[in-house]
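Reader: I would like to learn how to read charged side-chain pairs and strand pairing in a model of this kind. Could you take me through the features one by one?

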Amino acid sequence: MKKTLTLILAISLSCFASRAQDSQMANHLALGVTLGLDGIGLEAALPITPYVQARAGYSIFPYTHKQDVNLGSVEMGGQTKQLDKVPFSATMWKGGAGKLLFDIFPGKKTPFHFTVGAYFGSGKFLHTQTDLSKVLNPADYATLAISYNQVKVSTDPKGFVDLDAKIGSVVPYVGIGFGRAIKPGSRVRVSFDMGALITGGMKIQTYNYVNLEGKAQPVVVTSQALTDQNGHQVDNGWVDKIAAFPVLPMLKLNVFVRLF
C-alpha cells in the first residue's frame, strides 16, 4: 500500500513539475477567429518562447458597398455625355489579406505585448468599380477612351471602370495588444490588437486598356489631374492628402481555442 501511494505521489509530482516547467517552445497550437478593420479571418498561434508567440492567418472583408452615383459630364470618344445614376461598388482588402505577426511579451506571464510583423496580399486596400456596361456598346469595352478632367481611362473588357487605393503587396505592421493567444492551462483566450500598417503612402489609380490587347495600364490619379477647365480642383486636394498619409490604422479582436 505504501509503495502504491508513493508511486501515485511520484507521478503527481512529476506531472506538476512538467506543467510548471512548460517550455512554451512550439509545444502548443491554437486556432482563432478575428474581427477587425481587416475584416473577418482565421489565425493559428504558436508559442516560440514564454516571451514570444507567432501568429499567422488570413482575413477577408465580407461587405461590398453598392449605390448609384452621378459622375457628371464625361468625354467619351470626342463626345460629352452626362453620366447619372451609374452603378458603383466599393470593397476593402480586395482578395483578402494574409498576415504573419509576432507578439513580444515583457514578462513570462504578462498579457500586454508589442507586435511586429507584416500583412501581404494584392495591395488593393480599397477597390471600386463603376459599371458602364449598359452605357456603352460592347464594342466600346476596353477600346473607347474616356476622359474626366485630365484623367484618361477606359473600361475593362467587361465594361467596368476600376479605381484602386493601392499599397504595397507586403506591408510592415507594428502595434501593441493585450492578451495571449496561448496560455498553458487555459483552453479559450481573448486578445486585442491595436496598431498600424506602415504603408509609406498609397497610389490612387485607375486603368487604361485602349490599344493594349486587354492588358491594364495603371493611370495614377492626383488632385492636379482632377483640375477642371476653370482651374478648380474638384476634390479640394483630398486625393493627394489621402495618398500621402503614411499609415493605415488597425484594430482587431481575436478569440483563440488551444488545441493542445
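Reader: How far apart, N to O, are the side chains of Asp193 and Arg55 in their salt bridge?

Author: A salt bridge is counted when a side-chain nitrogen of Lys or Arg lies within 4 Å of a carboxyl oxygen of Asp or Glu. Here the side chains of Asp193 and Arg55 meet at 3.0 Å, N to O, and the pair links distant parts of the chain, with Asp193 in strand S15 and Arg55 in strand S3, 138 residues apart. Strands are DSSP runs of E with at least two residues, numbered from the N terminus. This is a predicted model, in which local features need pLDDT of at least 70 and side-chain atom pairs count only at pLDDT 80 or more, while totals for chains, interfaces and linings use all residues. Residues are numbered from 1 along each chain as its sequence is written, and side-chain values use heavy atoms, with hydrogens and water left out.

Reader: Are Asp193 and Arg55 buried or exposed?

Author: Buried means under 20% relative accessible area, exposed means over 50%, and partly exposed lies in between, computed with a 1.4 Å probe on protein chains only. By that rule, both Asp193 and Arg55 are buried.

Reader: Which other salt bridges does Arg55 form, among them the one with Glu43?

Author: The side chains of Arg55 and Glu43 meet at 3.2 Å, N to O; because Arg55 lies in strand S3 (residues 52–60) and Glu43 in strand S2 (residues 39–49), this pair ties together parts that are 12 residues apart in sequence. Another salt bridge joins Arg55 to Asp103 at 2.8 Å, N to O, and this one spans 48 residues, from strand S3 to strand S8 (residues 97–104). Glu43 is buried, as is Asp103. A wider network of salt bridges links Asp38, Glu43, Arg55, Lys99, Asp103, Asp193 and Lys252, and the count by this rule comes to 8 salt bridges.

Reader: What does Ser191 touch?

Author: Contact means heavy atoms within 4.5 Å. Leaving aside residues up to four places away in sequence, Ser191 touches Phe178, Gly179, Lys252, Leu253, Asn254 and Phe256. Ser191 lies in strand S15 (residues 188–198), and it counts as buried because its relative accessibility is 4%.

Reader: In what order do the strands of the open sheet of 6 strands come?

Author: Strands of a sheet pair through backbone hydrogen bonds, either parallel or antiparallel; two strands are taken as paired if DSSP finds at least two bridges between them. The order here is S4-S7-S10-S13-S16-S17, with antiparallel pairing, and the edge strands, each pairing on one side only, are S4 (64–69) and S17 (217–220). Strand S16 (residues 203–208) is joined to S17 by 4 bridges, and Asn208 stands opposite Gln217 in S17.
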